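Grab a coffee and work through these short exercises with the model open beside you. Try each task before reading its solution.

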Amino acid sequence: MVQYRLSEGCSAVEMECAALAACAQKRGASFGQFFFTADSLANVTEHDERNWGIPSHSRALHLALDLICKI
């Protein structure tokens, strides 16, 4: 499956959102998720924490709040 997804051009997988989306679909609930990434383990041999995205946390929070206010 990994090779199949790589051949499709995927470079990362987000499993928690997929699980929540599946639960919401099963229950007939509305669901949406705002993705914010500060780290990647796609290539563990070249992992770079990049300060865990701390400088952009505030901006990401404001974007998420703007999205929620428009719903």
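**Exercise 1. Find out how many disulfides this predicted model holds, then classify C17 and C69 as buried or exposed.**

Solution. Start with the search: run over the whole structure, it turns up zero disulfides. To count, a pair of cysteine sulfur atoms would have to sit within 2.5 Å. Next, take C17. Its relative accessible area is 11%, and the cut-off for buried is under 20%, so C17 is buried. Now C69: the value is 68%, and exposed means over 50%, so C69 is exposed.

**Exercise 2. Work out which elements the protein has and in what order, then check the length of α2.**

Solution. First, the tally: three helices, zero strands. Reading from the N terminus gives α-α-α. Now for α2, which covers residues 15–27. With 13 residues at 1.5 Å a residue, α2 should span 18 Å, because the expected span uses one less than the number of residues. The end C-alpha atoms lie 19 Å apart, which agrees. Right after α2 comes G28, with a positive phi near 75°.

**Exercise 3. Decide how far to trust the helices, using pLDDT.**

Solution. Begin with the whole protein: mean pLDDT is 81, and 80% of the residues reach 70 or more. Then go element by element. Helix α1 (residues 2–7) has the lowest mean, 85, while α2 has the highest, 92. A rule to keep in mind is that where pLDDT is low, the predicted coordinates should not be read in detail.

**Exercise 4. Track down the salt bridge and say how exposed its two partners are.**

Solution. A search of the whole structure gives one salt bridge. The partners are the side chains of R5 and E8, at 2.8 Å from N to O. That passes the test, because the limit is 4 Å. For accessibility, R5 comes out at 37% and E8 at 43%. Partly exposed runs between 20% and 50%, so both R5 and E8 land in that class.

**Exercise 5. Describe the protein's surface and pick out its nonpolar patch.**

Solution. Overall, about 6500 Å² is exposed, with carbon and sulfur atoms supplying 60% of it. Buried residues make up 10% of the 71 in the protein. Now the patch: F34, F36, L63 and L67 form it, with about 330 Å² of accessible area together. Zoom in on F36, found in the loop between α2 and α3 (57–69). F36 has a relative accessible area of 36%, so F36 is partly exposed and clears the over 30% needed for a patch.

Key:
Residues are numbered from 1 along each chain as its sequence is written. Side-chain values use heavy atoms; hydrogens and water are left out. Patches are made of residues with over 30% relative accessible area and no salt bridge: like charges are joined within 9 Å, nonpolar side chains (Val, Leu, Ile, Met, Phe, Trp, Tyr) within 5 Å. Accessible areas come from the Shrake-Rupley method with a 1.4 Å probe; for residues, only the protein chains shown count as cover. Helices (H or I, at least four residues) and strands (E, at least two) are DSSP runs, numbered from the N terminus. Buried means under 20% relative accessible area, exposed over 50%, partly exposed in between (1.4 Å probe, protein chains only). pLDDT is the predictor's confidence in each residue, from 0 to 100.
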